[in-house]
Amino acid sequence: MTPHSMLELTGEVANALRDGDPVVALESTIISHGMPYPDNVAMAREVEDIIRGCGAVPATIAVLDGRPRVGLGADDLELLASDEEVAKVSVRDLPYVVARGAHGATTVAATMRLAALAGIPVFVTGGIGGVHRGATQSFDISADLTELGRTDVAVVSAGVKSILDIGLTLEALETLGVPVVVHGSDEFPSFYSRSSGHSAPMRVDSAAEVAAVMAAKWSLGLSGGLVVANPIPEADEIPAEQIAGIIDRALADMDALGIQGKDTTPYLLGRIVELTGGESLAANVALVRANARFGAAIAAAYARTRG
Ligand code: PSU
Ligand code: MN
């Protein structure tokens, strides 16, 4: 397919897509609003290098000067990592930042949509959004779920953090018809930890199996995305019991400050880094590295099913 004319692709990404070579999309909210500077830009660069090292082309996605960009340079990554003015952009925010010529860091939802417009079916991140704890009152359910229900992209993550209600998030994904496959485990992972208390809706043991599920889904005309949960490597795990107290404290601090809406996830991520003295950041970077390797393998396997 020809990428949408409003997108600006790097030559490297455009050539790979034209030739049917594996490409991996990456989001930018994780850079601008998910980690502190300069760890965020170091992570962004390293993840691109890992993906290249695995034989795929990285395509980090963001809106810069109102232009949706697919593939970024070193200066762009530095800007996204350090400029306080970069907005967090989910799908509902895309028209506004584009119309105003502003900068925006795209969430999982907005990145999926732009990746699909470019023709990239595999996207790697750390964690996806979902149903927030207390959503029965707040109605706070991430647009990441809506997008997974309608946009044809497989999203590789380390599962769902327990800042969210993991059980309700899995229920919502089922309602939306989104396959949730867990790599090499019978339990759905909770980001920092390989366990969550929720069993894996479906298990796969290789990148080729994920690619086969993607191909089967879309061949059947079942539009929408897939959640590919890749549990954090054992060596980097923070036990669920240890992180639970930290997350409860971060949630209590958020309530005390009256933080709501789109600011909740960035606040909680930052507060968890503070409360763990950086331990959570090391785990976060480690799981993104592992996801980059697995995502590149999925992109290669899926490209083989097409070629
Ligand atoms: N979870 C993380 N790290 C992140 C995010 C979530 O562990 O960086 C970001 C992603 O960009 C995700 C967004 O799409 O937060 C979800 O925000 P919201 O809940 O406002 O939809
Ligand atoms: Mn929200």
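The second largest cavity holds about 30 Å³ of space. On a 1 Å grid over the protein atoms alone, a cavity is a set of points where a 1.4 Å probe fits but cannot get out, and lining residues have an atom within 4 Å of a point. Grid points are joined across faces, edges and corners, and a volume is the space filled by probe spheres set on the points. This is a predicted model, in which local features need pLDDT of at least 70, side-chain atom pairs count only at pLDDT 80 or more, and totals for chains, interfaces and linings use all residues. Residues are numbered from 1 along each chain as its sequence is written, chains are lettered from A and ligands numbered from 1 in the order in which they are written, and side-chain values use heavy atoms, with hydrogens and water left out.

Stay with that cavity. Its lining is made of G34, Y192, L269, V273, S280, L281 and N284. Helices α12 (264–275) and α13 each supply at least two of these residues. Helices (H or I, at least four residues) and strands (E, at least two) are DSSP runs, numbered from the N terminus. Helix α13 gives the most, with three residues. By class, the lining has four nonpolar, three polar and no charged residues. Here Ala, Val, Leu, Ile, Met, Phe, Trp, Tyr, Cys and Pro count as nonpolar, Asp, Glu, Lys and Arg as charged, and the others, Gly among them, as polar.

The count comes to two cavities of 30 Å³ or more. The largest has about 80 Å³ of space. Among the residues that line the largest cavity are L26, I30, M43, V47, T60 and V288. Helices α2 (29–32) and α3 (39–53) are the elements that give two or more residues to this lining. Helix α3 gives the most, with three. Eight of the lining residues are nonpolar, two polar and one charged.

Now turn to the pockets. A pocket is an open set of grid points with protein on both sides within 12 Å along at least five of seven lines. The largest has about 630 Å³ of space. It is lined by 35 residues, and K88, T107, S142, D144 and T265 lie nearest its centre. Two or more lining residues come from each of α2, β5 (87–89), α8 (143–150) and α12. The largest share, four residues, is from α12. The lining divides into eleven nonpolar, 16 polar and eight charged residues.

The second largest pocket has a volume of about 450 Å³. Of its 22 lining residues, L17, G119, I120, P121 and Y302 are the closest to its centre. Helices α1 (11–19), α6 (108–118) and α13 each give two or more residues. Helix α13 gives the most, with four. This lining has 15 nonpolar, three polar and four charged residues.

One helix rounds off the tour. The 13 residues of α10 (residues 207–219) should span 18 Å at 1.5 Å a residue, and its end C-alpha atoms are 18 Å apart, which agrees. The expected span is 1.5 Å times one less than the number of residues. Its buried residues (under 20% relative accessible area, 1.4 Å probe, protein chains only) are A207, V210, A211, M214, A215, K217 and W218. Seen down the helix axis, they fall within an arc of 165°, so they line one face of α10. What covers them includes β7 (122–124), β8 (154–157), β10 (202–204), β11 (226–229) and α13 (279–306). Just after α10, G221 takes a positive phi of about 75°.

Key. Buried means under 20% relative accessible area, exposed over 50%, partly exposed in between (1.4 Å probe, protein chains only). The arc is that of the directions from the helix axis to the C-beta atoms. Contact means heavy atoms within 4.5 Å.
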